[in-house]
Amino acid sequence: MTDRWYEEAVFYELYLRAYQDSNGDGHGDFRGAIQRLDYVKSLGVDCIWILPMYPSPLKDDGYDVADYYSIHSDYGTLEDFKAFLEAAHDRELRVVIDLVMNHTSDQIHWFQEARRDPQSPYHDYYVWSETGNEYAGARIIFLDTEESNWSYDEQAGKYYWHRFYSSQPDLNYDNPAVHEEMFNIIRFWLDMGVDGFRADAVPYLYEREGTNCENLPETHLFLKKVREMMNDEYPGRVLIAEANQWPEDVLPYFGEGDEFHMCFHFPIMPRLYMALEQHNKRPIVDILNRTPVPPEGAQWLTFLRNHDELTLEMVTPEERQWMWEQYAPDPRMRLNLGIRRRLTPLIGNDRRKWLLLHALLLSLPGTPIIYYGDEIGMGDNIWLDDRHGVRTPMQWSAEKNAGFSRAGETYAPVIDGEQYGYETVNVARQEDNPDSYLWATRFLLRARSQCAELQRGSREWYTTESESVLAYWRILDDSRTLCLFNLGNEPTSISLDLRELSGGRVVDLLQEDASREISNWPAVYRLRPFGCHWLHIEA
């Protein structure tokens with residue numbers, strides 16, 4: 001495994017509370033997750049991303065950190081985490097954890113001392129105001145719940161700044177002590193052996209009057225310091241940016257290869273669903289044409305769904321309304337500027353669409369992430385608050401609580417019902433079914449792992465006349481694969497002119513024993529509705 005292992009990896013996003021309960025308290029924990037690592041390994045993934053596991057009052061499901069140097073009691077102890085890390089590494093699975101840089105919980109002792117004593121060194125860990133009128137150009141992110149980015153604290157007699165919930169005061173990065181504190185936190189977990197961090201909400205670290213307080217130069221200067229320290233002291237570890245911005249605005253977070261190793265590509269995700277429902281490749285083509293190539297050693301991260309809402313921040317208001325009408329007709333399915341639904345319900349449990357979306361995800365340039373449960377087509381519960389409806393217990397079997405816990409009551413109810421209920425949708429049942437989502441996941445990941453150009457190759461468009469047929473080459477040195485997708489709900493045909501490769505063979509990596517010789521004339525391929533093909537060229 002090289003220092004650039006992340007360029008070929010597939011990530012698996014694991015919500016610890018939802019995965020496996022080992023002690024019967026209704027909450028998943030590290031000891032439980034250890035029991036399921038062989039399953040994770042069997043999928044064909046390379047790295048696990050763990051959502052926040054720190055002590056927290058859980059007003060934002062752990063993204064409100066109350067102690068950066070410990071483990072939430074629901075999840076176990078530091079020793080349990082070390083055991084999980086060792087067990088994962090024994091299986092050649094890397095582990096990346098969340099690093100919440102921008103803000104803390106208001107329950108952390110830093111903030112408690114800051115509000116109590118203006119002379120405390122912790123007072124300047126936060127951003128205060130006498131009026132709460134500063135930085136008026138900054139947007140409010142959680143529009144459904146927050147009216148302002150300032151909240152008044154009675155004890156301090158001042159307003160404090162927060163970009164997310166009012167229970168999450170922002171840290172003051174103009175204070176060098178905050179830099180040192182964050183460096184100490186980073187070293188603490190890297191010394192323990194984690195393989196890197198997914199840094200949460202990084203565009204908002206600094207505030208400046210007259211700006212929108214996002215993507216400021218000072219933010220990049222600090223992040224470069226973090227990368228330099230990690231390069232010098234912990235080579236081979238990875239730093240990942242969560243920056244929900246347009247691709248050209250995210251590009252600076254790669255720096256000149258001296259900032260983040262990887263950045264999430266948020267705008268591609270809603271456009272995959274948009275293209276699928278419009279039966280038109282244009283949304284995908286437009287955003288990929290707008291996506292710059294990152295510097296050497298840097299990589300985009302792509303995903304279909306995750307633990308948050310399907311964000312619609314990076315679309316036009318008209319597109320957002322259309323997406324809501326198509327994918328979230330019940331207002332309960334909507335949250336902030338997004339959709340709080342899981343992947344499989346979004347596409348009506350249509351296996352053809354599921355396969356097409358995953359074949360797209362795994363063949364796009366970048367490192368793909370699979371969200372736990374999507375590999376078996378789990379459903380959601382839109383009646384749970386906030387985004388908890390897509391964070392329900394993993395469905396292992398048809399046993400009580402889906403095999404997740406022996407508790408009388410779990411942290412959230414398991415999904416029930418005829419279509420997505422745990423008695424129907426579970427790992428044990430799909431293990432025995434070659435036509436299941438689980439088998440398809442393993443098949444796709446295995447096919448990708450055997451094709452170097454799908455992991456590290458460049459992309460070149462293959463022009464097709466049909467608006468519903470998306471095609472692009474993935475090329476690495478002399479190896480090439482043509483990725484072909486019919487976004488339409490009708491069968492269609494395409495004439496492929498591969499005469500320059502005459503003498504070779506075309507092998508469809510997504511079809512067993514499907515190959516043909518390349519002739520001196522165009523070949524006609526018939527595409528099923530929502531059909532997908534990875535056409536690998538063999539010399």
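Let's start with helix α4 (residues 78-90): at 1.5 Å a residue, its 13 residues should span 18 Å, and the end C-alpha atoms are indeed 18 Å apart, so the two agree. Keep in mind that this is a predicted model. Two spots are covered here: helix α4 and the residue H265.

**Helix α4: its two sides**
- The buried residues of α4 are D80, F81, F84, L85, A87 and A88.
- These buried residues cover an arc of only 165° around the axis, which means that they sit on the same side of α4.
- An α-helix has 3.6 residues a turn, so residues three or four places apart point the same way.
- On the face turned away from the buried side, α4 carries the exposed residues E86 and D90.

**Helix α4: its surroundings**
- Among the elements that cover the buried residues of α4 are three helices, α2 (30-35), α3 (37-43) and α6 (176-192), along with the strands β2 (47-50) and β3 (94-100).
- After α4 comes E92, which has a positive phi, near 60°.

**H265: a buried loop residue**
- You will find H265 in the loop between β9 (262-264) and α9 (268-278).
- H265 has a relative accessible area of 3%, so it is buried.

**H265: its partners**
- The side chains of H265 and T291 are joined by a polar contact of 2.8 Å.
- A polar atom of the H265 side chain also lies 3.3 Å from the backbone nitrogen of I268.
- Setting aside neighbours within four places in sequence, H265 is in contact with P247, I287, T291, W300, L301, T302 and F303.

How values were computed: Residues are numbered from 1 along each chain as its sequence is written. This is a predicted model: local features need pLDDT of at least 70, side-chain atom pairs count only at pLDDT 80 or more; totals for chains, interfaces and linings use all residues. Side-chain values use heavy atoms; hydrogens and water are left out. Helices (H or I, at least four residues) and strands (E, at least two) are DSSP runs, numbered from the N terminus. The expected span of a helix is 1.5 Å times one less than its number of residues. Buried means under 20% relative accessible area, exposed over 50%, partly exposed in between (1.4 Å probe, protein chains only). The arc is that of the directions from the helix axis to the C-beta atoms. Contact means heavy atoms within 4.5 Å. A polar contact is a pair of N or O atoms within 3.5 Å; within protein, one must be able to donate a hydrogen and the other to accept it, and residues adjacent in sequence count only if both atoms are side-chain atoms.
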